[in-house]
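User: I'd like to practise reading a fold from its coordinates. Could you walk me through it, step by step?

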Amino acid sequence: MTQRMNRELPAEKVGHGDHLCLVFGDDAEKRRVATRYMTDGLALGERILYFTDQSSPEAVRGWLHAARVDVGEACARGRLQVVAARDSYLASGRFDPDAMIQTLYDEVRRSLDDGHTGLRVTGEMGWALRGMPGAELLPEYEKMITEVFAGNPASAVCHYDARLFGPDELAVFDHCHPLKVELTPLHGHGALRIVPAFQDGRRALRVIGSVDLQTTDLLAEALRTARSWPGDIRVDMSALEFIDLTGLRLLARTADSLGDGRILKVEHLPEMLRKVIRLAGLDRSPAFVVSPSGEVPPS
Amino acid sequence: MSSGHDHGEPLAHHVLIYDTDEQFLAATLPFCRDGLERGEAVLAVTTPANVTLLREALGRDAERVEFASASGWYRTPGRTLAAYHRYVQDREDAYPRIRIIGEPVWNDRDAVETDEWLRYEAAINKAFAGSRAWIVCPYDTRGLPVSVVAGARCAHSDLMHGDAVLPSPHYSPPDVQGSGWERRPRPPSGASAACMEFGSDLSAVRAFAAARATELGLPAESLDRLVFSVNETASNALRHGDGRRFLTLWRDGERVVCDVTDTGGTSPPWYSGYLPPSPDQASGHGMWTVRQLCDLVEIHSLDPGTLVRLQLDARRGP
């Protein structure tokens, strides 16, 4: 069963040249990813530049302190800079993409000139929803800065809060980034990982590995979690290696139990397994929608 | 009909043994006409020659009978039984009764296939018990081996002759111990057999089955079907069995054969997987699916223990 190109990267795998978005649904997830990204960078001798919006700079420094970073020393040596976006690149009251791109180029060069091994930039993007002039240029800007990082010892993670941005807005920003941060797996097992994700701005579960007698309980638990999310449930099978009939029946039964017109949509399931669903008579519920392998849902 | 058949009764499964076109029509024509008059669904799956015969005899009524070619319908026992199940299930709400003429295909079947197709006929009695299907299976003695016709007499509860129906004195119900439907598995042939003992790690089972089946010449497009089926069968052995468990693959002529053996515990009945499971039923779905994915499936009781034999044709895809 084939694997599709995966755009998701765990926070600890981010490296030079990467430009990622982090779409998250809760503060703990954001803090975990941001902290990991920054502490990994500091450990590698890279410089950190964090532009806050919803978070206060004090809170961000507090996360690092809790992660045993000597924040005072890092700031003093110019290795860590946490500033509010409104006090820095938005201080003029408007967003100027060209100026910001130049700033980023300058910051990369300055970091290297100052003896750092690279630069990590994080930005919280909630300001884009508050009618700031120039904010409409943000998608274009996001596409353009990919080039600032590509080929340089630098990377960026842009934060989009799914509680602020709507699904369609998230979908737009998602596609402006070559990569996105993989969220914390709901379940990790040697043979099976189930990772929540935002795909096209909507919540999804990615099933990675094999669902069989040893791992069906993990799928059952993950589906129980997903049932509490609002709206439809998407299950992305592009990294599925194997699923048995018990696993397929679990998906069908979860779909049946949703009610309120909600559906469970299984995407990128190989043809043989779609056939199994028909043979087993699991294709009789309108709430259970199975789309073919390789078919990309409209964005 | 003078059969005195009670229309409130659930399944009827008759064999029609004939050796002339007239005998075929004498039974099937009133069967169709009577069904149409009563507003019942009528399906005729038979040879092209018999389709023509019956169509012409029915005249305008032929439009209200569904016809299908037996060669397209009778591919493998598991798929055929499931297709009839879906046909009946889809019509049970709309029709008081579903009448089916189903003439199995016997030419070009070897001994292993013939044996399983007769068991399929016997399993129909169990699989459709409780449905409102009325199934008549024609057997043309002009072209069939005596052993097949004898088997058909054992697999059907009643004999149809013209418009009369008589109980078959040879009938052997599928769920009676010692009914003759349970047979000893033939031993693996040749030196090509590969065997592994397995435990709870099913990924090792899947990998072994895929690698050996490929070596034995199973085409890539059939591999997923085999691996899925082996996994289901091995899962059952882990869930229900309590002995040592083995996976054995070999090549038998044009077939790749895969035995999943469990040396302990009681065995499920030989017709497991032929009975359509209801959606909320806890078990039975796996073997129902495996019967449709594999070309032949045999379930043998080892007493103690179970041997499930999965077979796929190495010549063709699904």
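Analyst: We'll take chain B as a whole, then its domains, then one strand of chain A. Keep in mind that this is a predicted model.

User: Fine. How many helices and strands does chain B have?

Analyst: Counting elements is a good way in. Chain B has nine helices and twelve strands. Its radius of gyration is 21 Å, and the globule rule gives 20 Å for 318 residues, so chain B is as compact as a globular protein of that length.

User: What are the spans of the C-alpha trace along the principal axes?

Analyst: Overall dimensions go well with the radius. For chain B they come to about 60 × 35 × 35 Å. As for burial, 44% of the 318 residues are buried.

User: What share of the contacts in chain B join residues at least 24 apart?

Analyst: Here you look at separation along the sequence. If you take contacts between residues at least 6 apart in chain B, 72% of them link residues at least 24 apart.

User: On to domains. Where do the domains of chain B begin and end?

Analyst: Domain 1 covers 12–167 and domain 2 covers 194–313. Their C-alpha centres are 30 Å apart. Where the two touch, domain 1 of chain B gives 13 residues and domain 2 of chain B gives 13 residues.

User: Which elements give two or more residues to the domain 1 side of that contact?

Analyst: Those are α4 (77–91) and α5 (111–127) of chain B. The largest share, seven residues, is from α5(B). Sorted by class, this side of domain 1 has five nonpolar, three polar and five charged residues.

User: Now the strand in chain A. Is β13(A) mostly covered or mostly open?

Analyst: For a strand, check burial and then its neighbours. β13(A), residues 264–269, is mostly covered, with five of its six residues buried. A general point to carry along: side chains in a regular strand alternate between the two faces of the sheet.

User: Which strands pair with β13(A)?

Analyst: One of them is β11(A), residues 233–236, which pairs with β13(A) in the parallel sense over four bridges. Within that pairing, Val235(A) has Val266(A) as its bridge partner. Another is β14(A), residues 288–292, which runs parallel to β13(A) and is joined to it by four bridges. There, Leu264(A) stands opposite Phe288(A).

User: What lies between β13(A) and β14(A) along the chain, and what is the handedness of the crossover?

Analyst: With parallel neighbours, trace the connection. From β13(A) the chain passes through helix α9(A), residues 271–279, to reach β14(A), and this β-α-β crossover is right-handed.

Methods
Residues are numbered from 1 along each chain as its sequence is written. Chains are lettered from A and ligands numbered from 1 in the order in which they are written. This is a predicted model: local features need pLDDT of at least 70, side-chain atom pairs count only at pLDDT 80 or more; totals for chains, interfaces and linings use all residues. The radius of gyration is taken over C-alpha atoms; the globule rule is 2.2 Å times the number of residues to the power 0.38. A residue is buried if 20 or more other C-beta atoms lie within 10 Å of its own, exposed if 12 or fewer, and partly exposed in between; C-beta atoms are placed from the backbone. Two residues are in contact if their C-beta atoms, placed from the backbone, lie within 7 Å. Domain bounds come from an automatic or database domain assignment. Ala, Val, Leu, Ile, Met, Phe, Trp, Tyr, Cys and Pro count as nonpolar, Asp, Glu, Lys and Arg as charged, and the others, Gly among them, as polar. Two strands pair if DSSP finds at least two bridges between them. A crossover is right-handed if, with the strands pointing away from the viewer, the path from the first strand over the helix to the second runs clockwise.
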